[in-house]
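Let's take a friendly look at aromatic rings and the company they keep. The model is shown here for you to follow along.

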Amino acid sequence: MDWYLKEKDPHKEFLAKAETSKAREEHTKKLQQLTTKVIQGDSTNKGDRRTDPHDPRGQDTTGALQILYGNGAFLLPSLCHPHVHLDKCFLLSDPKYSDLSIRKGDFAEALALTSKAKARFTPEDLLRRGRWLIEESIAAGVTCMRAFVEVDATVRFKCLEAGLSLKQQYRDACFIQICVFAQDPVFSGEGAGENRNLMKQAVQRDGVDVVGSTPYVEADETNMKENIDWAIDTAIQYGKHLDFHLDYNLDESKNPM
């Protein structure tokens with residue numbers, strides 16, 4: 001639905017002419033009434049023209065017209081959150097994971113604690129924390145987000161299924177772009193092959209929009225480059241967007257990816 005601001009600002013126009021505080025008070029009351037008044041155009045016999053509100057190509061400008069009187073307010077587009085982890089949100093705030101307290105505060109500890117937490121994930125837990133994140137985001141003005149959900153031998157498709165469910169549940173309030181995310185190695189170690197196979201299955205699921213990977217978790221630079229090549233090839237093969245987490249280190253001796 002398109003929104004249009006009235007061409008002339010009645011607030012400024014009147015205040016320029018107002019000479020007394022009484023007149024200003026009367027005008028303010030009128031503005032307060034106008035703020036809640038919405039004029040709707042005739043949509044008779046036009047059928048259901050509901051389209052994706054986030055796709056400008058699908059906007060219907062021939063149907064009902066709504067006019068919003070801004071009355072001097074500052075109109076902004078809604079917010080977009082380009083990076084949220086639906087499955088790992090609020091772990092430090094959740095009593096279920098209270099024993100996984102931070103002691104060193106370094107990146108290695110973060111990865112280790114996350115791995116322990118993932119082993120405890122349940123569908124109910126993932127949905128509960130995911131709803132908390134999405135509803136908090138919507139309340140702050142977010143209407144679209146890219147949400148990462150991990151796929152590997154530990155969680156398999158638990159996180160993905162929760163993410164797809166939440167995407168559907170909140171489809172009318174927030175566009176949630178689902179990124180299947182390889183947080184664990186896909187070329188290093190014994191479980192790499194299984195992780196890679198699970199990712200291949202996940203990316204083909206309906207509702208998945210993005211392939212994501214973390215090359216830095218691989219054992220060496222050769223495997224990191226293999227990870228990057230694999231992710232690019234997979235995204236191209238299945239027509240998905242691509243998202244990398246790169247260079248998560250402060251070591252100047254390491255070459256940037």
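## Aromatic contacts

Phe 181 is buried, its relative accessible area being 0%. This is a predicted model, and Phe 181 makes a good place to begin.

The structure holds 3 aromatic pairs. In one of them, Phe 90 and Trp 132 have ring centres 3.8 Å apart and planes at 15°, so the pair counts as stacked, because planes under 30 degrees apart meet that cut-off. This pair joins distant parts of the chain, 42 residues apart: Phe 90 belongs to the loop between strand 4 (79-85) and helix 3 (107-118), while Trp 132 belongs to helix 4 (residues 123-139). Are these two rings buried or exposed? Phe 90 has 18% relative accessibility and counts as buried, whereas Trp 132, at 38%, counts as partly exposed.

Back to Phe 181: its ring pairs with that of Phe 148, with centres 5.2 Å apart and planes at 75°, so this pair is edge-to-face. Here too distant parts of the chain are linked, since Phe 148 lies in strand 5 (residues 142-150) and Phe 181 in strand 6 (residues 175-182), 33 residues apart. Phe 148 is buried, with a relative accessible area of 0%.

Arginines also meet phenylalanine rings in this model, as the table shows.

| Arginine | Ring below the charge | Distance to ring centre |
|---|---|---|
| Arg 196 | Phe 187 | 4.6 Å |
| Arg 205 | Phe 157 | 5.9 Å |

In the case of Arg 196, the charged end sits over the ring of Phe 187. Arg 205, for its part, lies over the face of Phe 157.

Definitions and conventions:
Residues are numbered from 1 along each chain as its sequence is written. This is a predicted model: local features need pLDDT of at least 70, side-chain atom pairs count only at pLDDT 80 or more; totals for chains, interfaces and linings use all residues. Side-chain values use heavy atoms; hydrogens and water are left out. Rings of Phe, Tyr and Trp (its six-membered ring) pair if their centres lie within 6.5 Å; planes under 30 degrees apart count as stacked, over 60 as edge-to-face and the rest as tilted. Helices (H or I, at least four residues) and strands (E, at least two) are DSSP runs, numbered from the N terminus. Buried means under 20% relative accessible area, exposed over 50%, partly exposed in between (1.4 Å probe, protein chains only). A charge sits over a ring if NZ of Lys or CZ of Arg is within 6 Å of the ring centre and within 35 degrees of the ring normal.
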